[in-house]
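Thanks for asking me to look this over. Here are my notes, set out as numbered points so you can follow along in the viewer.

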Amino acid sequence: MMSNGNSSKSQVFLMEFICVILFFALCAALCLNVFVKADGMSRKGQEINEALVLAQSMAESIKVMESPSHEFISAEAEQISNGKYMVKVKDSVQDDILQVNIHVYHDEDSKEKICTLTVKKYLPGEV
């Protein structure tokens, strides 16, 4: 009679132990998923930050130009572009105001913009 009770207790203990192991495995899988998503968000944030630094660099270059021309702005964009990111610009002049839209892409073939920055500069008497 006594061995039957011990057998029953060991089976209950074994079932409880298996449930605990499954619970910890599930928690570990969830934690791993959270860390993977956090890493992805961190990489995306870093990418946006690097693209904004390029766009800001281009904007500052335009601001310090005395008389920026379309050719000079385009050449500056090509110079600022690196192998990882592509800077494209679209400029227009209206009422003595130069407006330049700076777009940063992943690379030359990419259609997805990472960021866009608009710069305006007053050009007195240069129209």
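**Notes on the predicted model**

1. A network of salt bridges links Lys-44, Glu-47 and Glu-112. Please keep in mind throughout that this is a predicted model. Within the network, the side chains of Glu-112 and Lys-44 meet in a salt bridge at 3.9 Å, N to O. That pair joins distant parts of the chain, 68 residues apart: Lys-44 belongs to helix α1, while Glu-112 is in the loop between β2 (97-105) and β3 (113-122). Both ends are partly exposed, Glu-112 at 45% relative accessibility and Lys-44 at 39%.

2. The structure holds five salt bridges, and another one worth a look is between the side chains of Glu-50 and Lys-84, at 3.2 Å, N to O. Here too distant parts of the chain are linked, with Glu-50 in helix α1 and Lys-84 in the loop between α2 and β1 (86-94), 34 residues apart. Glu-50 is partly exposed, with a relative accessible area of 26%, whereas Lys-84 is exposed at 51%.

3. For a salt bridge inside one helix, try Lys-63 and Glu-60, whose closest N and O atoms are 3.9 Å apart. Both residues lie in helix α1, three residues apart, which is about one turn of the helix. Lys-63 is partly exposed at 46% relative accessibility, and Glu-60 is partly exposed at 45%.

4. Now for the aromatic rings: the count comes to two aromatic pairs. In one of them, the rings of Phe-13 and Phe-17 have centres 6.1 Å apart and planes at 20°, so this pair is stacked. The two residues sit four apart in helix α1 (residues 2-64), about one turn of the helix. Phe-13 counts as exposed, at 54% relative accessibility, and Phe-17 as partly exposed, at 44%.

5. Also in helix α1 is Leu-14, partly exposed at 48% relative accessibility. Together with Met-15, Ile-18 and Leu-22, Leu-14 forms a nonpolar surface patch with about 410 Å² of accessible area.

6. Which residues of helix α2 (residues 70-80) are buried? They are Ile-73, Glu-76, Ala-77 and Ile-80. Viewed down the axis of α2, these buried residues fall within an arc of 100°, so they line one face of the helix. Glu-71, Glu-78 and Gln-79 are exposed on the other side of α2.

7. One last contact to find in the viewer: the charged end of Lys-88 sits over the ring of Tyr-105, 4.9 Å from the ring's centre.

Methods
Residues are numbered from 1 along each chain as its sequence is written. This is a predicted model: local features need pLDDT of at least 70, side-chain atom pairs count only at pLDDT 80 or more; totals for chains, interfaces and linings use all residues. Side-chain values use heavy atoms; hydrogens and water are left out. Rings of Phe, Tyr and Trp (its six-membered ring) pair if their centres lie within 6.5 Å; planes under 30 degrees apart count as stacked, over 60 as edge-to-face and the rest as tilted. Buried means under 20% relative accessible area, exposed over 50%, partly exposed in between (1.4 Å probe, protein chains only). A charge sits over a ring if NZ of Lys or CZ of Arg is within 6 Å of the ring centre and within 35 degrees of the ring normal. The arc is that of the directions from the helix axis to the C-beta atoms. Patches are made of residues with over 30% relative accessible area and no salt bridge: like charges are joined within 9 Å, nonpolar side chains (Val, Leu, Ile, Met, Phe, Trp, Tyr) within 5 Å. Accessible areas come from the Shrake-Rupley method with a 1.4 Å probe; for residues, only the protein chains shown count as cover. A salt bridge is a side-chain nitrogen of Lys or Arg within 4 Å of a carboxyl oxygen of Asp or Glu.
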